[in-house]
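Hi,

Here is the structure I promised to pass on. Have a look at it first, and then read my notes underneath.

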Amino acid sequence: MIEIDLPTDQISTENLFKDKRSATAALTNLYINLRETSIYSGNSQGIGSELGLYTDELEPISIPPTYDSALLYNNNIDPTRLVLATFWNTSYAHIYAINSFINGVTISNGISEEEKKELLAEGYVIRAMYYQALTQLFGEIPYTTSTDYKYNTTIKKIVPIEVLNNLEKDLLITLETLTYNDRSSNKYYLNKAVAELILAKNYLLQKKYDKAEIYARRVIDNPLYSLETDLSLVFKNTAKSTLWQLSNNNPTSATYEASNYIMLVDDWLYKLSSSLLTSFESNDLRKLSWIKEYSNNGTTSFNYKYKNNINNTDECSVLFRVEEAYFILSEALIYQNREKEAIAYLNKIRQRAGLANLPNSLSNEETLLAMLEESKKEFFLEHARRFFDLKRNNKLSLLKSSKPNWQDKHALLPYPEKELLINPNLNPQNEY
């Protein structure tokens with residue numbers, strides 16, 4: 001018998017998860033994946049800017065018309081485009097890494113049961129983030145917890161509600177283990193409040209509005225977080241409104257958002273759309289603090305939520321902030337026909353922006369539209385929240401006023417063509 005050594009570029013599961021320290025290092029890599037190459041990255045390949053073009057938040061400046069981003073802007077995308085493969089492949093590659101982490105921790109003999117629960121909880125939440133986004137982007141998707149490559153290329157897709165039910169179960173398990181403690185002292189790692197927020201969004205998608213209300217209230221009522229009254233501080237790394245932010249790849253590097261959006265030359269990739277700019281009231285403090293004009297050949301407005309493109313020491317990429325819980329709660333209340341209560345929470349956001357209160361006389365439908373309008377101005381270019389908000393509330397048709405090419409079929413992205421060849425069970429293809 002001949003024993004063959006492990007390749008020098010691989011680590012066996014037994015060695016990788018031999019103790020908590022090594023498993024924690026593997027978990028840290030999952031966070032690095034989120035920051036560097038995931039759909040949640042703040043760079044130009046993330047869903048923030050790509051779906052900002054797809055909806056009504058961005059307009060291209062110097063993007064060649066044949067590039068994927070330009071096609072997204074014109075709502076003219078097909079299954080052969082790289083952007084779809086990037087969304088799909090990076091997400092499933094990261095899910096594979098998470099599944100490997102979860103399985104490795106589970107079978108480890110060198111980690112205590114209590115330590116396993118702590119490690120697994122974070123893995124479950126990160127996996128839920130990917131799956132929850134994928135099913136909103138593509139509809140029916142394959143759901144797997146396996147690391148068997150051959151099996152994963154043959155599994156059938158399942159309907160979104162089944163995916164959401166699986167994620168709900170995982171998230172409820174994490175709430176039994178996670179605490180509200182900040183294990184890094186700078187909110188670089190998720191905690192129980194993050195899991196509660198993601199679960200609340202899960203319940204919105206399932207239309208379980210009473211449960212969405214419960215978990216959104218838990219986040220809002222948590223004394224560890226509160227609205228930042230100074231809007232210039234919302235995206236600083238000490239913001240009291242931040243639930244979870246990602247560390248930078250070195251202590252003084254700019255966030256990917258700052259590098260992506262702050263205009264430095266005339267021929268930048270994109271600018272804020274005219275429809276977004278005109279939606280702000282003139283005295284809206286968010287417009288004054290989060291939007292800046294670049295003046296050279298004319299005046300162009302760009303996203304200025306993150307302000308440091310050099311020598312950055314006080315900004316990190318924010319994934320979740322407490323303001324989102326206010327909108328989740330408002331939406332949950334609207335669908336329970338408690339629009340006056342919803343208006344009260346929307347007014348807290350408006351007051352912080354220096355705006356007059358919405359009247360209590362708004363109808364249910366008017367309150368819903370007001371909520372979506374307020375969310376557009378609060379979360380523009382933050383991880384495709386505009387697209388997800390409109391889709392979840394069946395209001396993507398609102399884009400037709402500023403996007404002449406928009407059609408109802410654009411609610412779902414087509415599956416990457418290559419993936420259909422690898423796994424025929426993805427058929428039928430989404431309309432495109």
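Below are my notes on one helix, a lysine beside it in the list, and the cavities.

Some ground rules first: this is a predicted model, where local features need pLDDT of at least 70, side-chain atom pairs count only at pLDDT 80 or more, and totals for chains, interfaces and linings use all residues. Residues are numbered from 1 along each chain as its sequence is written, and side-chain values use heavy atoms, with hydrogens and water left out.

Let's start with helix 16, residues 364-379 (helices are DSSP runs of H or I with at least four residues, strands are E runs of at least two, and both are numbered from the N terminus). With 16 residues at 1.5 Å each, helix 16 should span 22 Å, and its end C-alpha atoms are indeed 22 Å apart (the expected span is 1.5 Å times one less than the number of residues). Its buried residues include Leu368, Met371, Leu372, Glu378 and Phe379 (buried is under 20% relative accessible area, exposed over 50%, partly exposed in between, with a 1.4 Å probe and protein chains only). Among the elements covering them are helix 14 (323-334), helix 15 (339-352) and helix 17 (385-392). Following helix 16 comes Leu381, with a positive phi near 65°.

Next, Lys305, which sits in the loop between strand 7 (298-303) and strand 8. Is Lys305 buried or exposed? Lys305 is buried, at a relative accessible area of 3%. Its side chain reaches the backbone oxygen of Glu378 at 3.2 Å and that of Phe380 at 2.8 Å. Leaving aside neighbours within four places in sequence, the contacts of Lys305 include Phe235, Trp290 and Arg321 (contact means heavy atoms within 4.5 Å).

Now the empty space. There are two cavities of 30 Å³ or more (on a 1 Å grid over the protein atoms alone, a cavity is a set of points where a 1.4 Å probe fits but cannot get out, and lining residues have an atom within 4 Å of a point; points are joined across faces, edges and corners, and the volume is the space filled by probe spheres set on them). The largest is about 300 Å³. Of its 22 lining residues, Gln136, Lys201, Glu324, Arg385 and Phe388 are the closest to its centre. Helix 6 gives the most to that lining, with five residues.

The second largest cavity holds about 90 Å³. Its lining has 15 residues, and Leu381 is one of those nearest its centre.

Cheers

How values were computed
On a 1 Å grid over the protein atoms alone, a cavity is a set of points where a 1.4 Å probe fits but cannot get out, and a pocket is an open set with protein on both sides within 12 Å along at least five of seven lines; lining residues have an atom within 4 Å of a point. A polar contact is a pair of N or O atoms within 3.5 Å; within protein, one must be able to donate a hydrogen and the other to accept it, and residues adjacent in sequence count only if both atoms are side-chain atoms.
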